[in-house]
Amino acid sequence: MTVPLAVTVTAKQPGRYNSTAKAKAEEWGVPFFPRPEKGPLSDFIGVVAEAFLVLGGERWTLHDAKGELYFSPGSAALRVRRLFDDVLVRLCELKAGDSVFDGTLGLGADALICARQVGPAGKVVAVESSLPLYALVSEGLRRAPPFPDSAIIDVRHGHSLAVLKTLESRSVDCVVFDPMFDLPKSSSPSFDLLRTYASHEPLDEATLAEARRVAKRWVVVKGGRYGREFERLGLTALKLTRFKPLVWARVGPS
Ligand SMILES: C[S@@+](CC[C@H](N)C(=O)[O-])C[C@H]1O[C@@H](n2cnc3c(N)ncnc32)[C@H](O)[C@@H]1O
């Protein structure tokens, strides 16, 4: 029977990676597939599993019939160089020592930016509900912590509302959300793969209300310019970015 997701290793020197990959498969609660030394992974996609998390070289990759996705600090690296001008940093008014709750980790770029801005004395908790994305990004961050002088990112697998409910009122400076847009723009193949594995659940009123309880300063939400997310949540778009498809909203604590 084909399973939705399995863990395996690269075909090149699979023995080097087997024990680490097996331990991770157990931690994530998905089957481990011992990779034969011969044969491309595509032979097993759709037969053994619909998708594989593959350990090889120094990183994990998520493969399915459409392509592959891996964690890279690349897009955050560009933003770190222009940190003083980063919209998220500006809207959150982030400074050294602050704490941030990122309710939609995705590929971790926003969490990385926040971690760099709040520095080692600060704190970032980031939540991802999709197991493959959580696995990819938490391992990516653990294996290659990307920027010096950053806060450690505490990555949690779960639903942001459930994690927010465990936090005390006024216990973090800012909460940020970047949910999947209800009207997606056209994008790159790797973003299409992210879209396949991401949770498309819209941000709901209950989660926004919990975020406002937990935040001391701001709750910042990113949205699609042509979507209906903000209207539904009673948020007003600030329209301050030059990157046109994006809009932002910011609300204070409740
Ligand atoms: C647009 S992506 C976020 C991108 C991210 N800000 C970045 O910089 O890479 C949205 C992510 O949030 C996740 N997500 C959506 N709803 C969630 C929820 N309620 N709890 C946790 N994660 C959620 C999705 O699975 C997806 O990976």
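Colleague: Looking at the sheet with six strands, in what order do they come, and is it open or closed?

Modeller: In this model, which is predicted, the six strands form an open sheet in the order β7-β6-β5-β8-β9-β10, and their pairing is mixed. The edges are taken by β7 (153-157) and β10 (246-251), each of which has a single partner strand, so one side of each is left without a neighbour in the sheet. From one strand to the next, the twist averages 15°.

Colleague: What holds strands together in a sheet, in general?

Modeller: Strands of a sheet pair through backbone hydrogen bonds, and they can do so either parallel or antiparallel.

Colleague: OK, so take β6 and β7: parallel or antiparallel, and how many bridges?

Modeller: Strand β6, which covers residues 123-128, runs parallel to β7, and five bridges join the two. To find one of these on the structure, look at Val-124, whose bridge partner in β7 is Ile-153.

Colleague: Which strands does α4 lie across?

Modeller: Helix α4 (residues 109-118) lies across β5 (99-102), β6, β7 and β9 (215-224), and the helix runs at about 170° to β6. Helix α5 also belongs in this part of the picture, since α5 lies across β6 and β7 and runs at about 160° to β7.

Colleague: Which helix packs with α4, and at what angle?

Modeller: Helix α2 (residues 74-81) packs with α4 at an angle of about 35°, with the two axes 9 Å apart, and α2 passes α4 in a right-handed crossing. On the α2 side the contact is made by Ser-75, Ala-76, Arg-79 and Val-80, which meet Ala-109, Asp-110, Leu-112, Ile-113 and Arg-116 in α4. Sorted by character, the residues of this contact of α2 with α4 divide into five nonpolar, one polar and three charged.

Colleague: Switching to the sheet with four strands, what's the order there?

Modeller: Those four strands form an open sheet in the order β1-β2-β3-β4, with mixed pairing. Its edge strands are β1 (3-9) and β4 (67-70), each of which pairs on one side only, and the twist averages 25° from one strand to the next.

Colleague: And how are β3 and β4 joined?

Modeller: Strand β3 (residues 59-64) and β4 run antiparallel and are joined by four bridges, and the two form a hairpin with two residues between them. Within this pair of strands, Leu-62 stands opposite Leu-69 in β4, while His-63 has Glu-68 as its bridge partner in β4.

Colleague: Which strands of that sheet does α1 lie across?

Modeller: Helix α1 lies across β1, β2 and β3, running at about 155° to β1. As for α5, this helix lies across β1, β2, β3 and β4 and runs at about 160° to β3.

Colleague: How do α1 and α5 pack, then?

Modeller: Helix α1 (residues 18-28) and helix α5 (residues 131-143) pack at an angle of about 135°, and their axes are 12 Å apart. Because of that angle, α1 is oblique to α5. The crossing in which α1 passes α5 is right-handed.

Colleague: Which residues meet there?

Modeller: From α1, the residues are Thr-20, Lys-24, Glu-27 and Trp-28, and they meet Leu-131, Tyr-134, Ala-135, Glu-139, Arg-142 and Arg-143 in α5. The residues of this contact of α1 with α5 divide into four nonpolar, one polar and five charged.

Colleague: Last topic: how many aromatic pairs does a search of the whole structure find?

Modeller: The search finds three aromatic pairs. One to look at is Phe-33 with Phe-44, whose ring centres are 5.0 Å apart and whose planes stand at 55°, so the pair is tilted.

Colleague: Where in the chain are Phe-33 and Phe-44?

Modeller: Phe-33 is in the loop between α1 and β2 (49-56), and Phe-44 is likewise in the loop between α1 and β2, with the two lying eleven residues apart.

Notes:
Residues numbered from 1 in each chain as written. Predicted model: local features only at pLDDT ≥ 70, side-chain atom pairs only at ≥ 80, totals over all residues. Heavy atoms only, no water. Axes fitted to C-alpha atoms, helices over the stretch in contact; angles between N-to-C directions. Parallel < 35°, antiparallel > 145°, perpendicular 65-115°, else oblique. Left-handed = near helix turned anticlockwise from the far one by under 90°. Contact = heavy atoms within 4.5 Å. Nonpolar A, V, L, I, M, F, W, Y, C, P; charged D, E, K, R; others polar. Pairing = 2+ DSSP bridges. Phe/Tyr/Trp six-rings, centres within 6.5 Å; stacked < 30°, edge-to-face > 60°.
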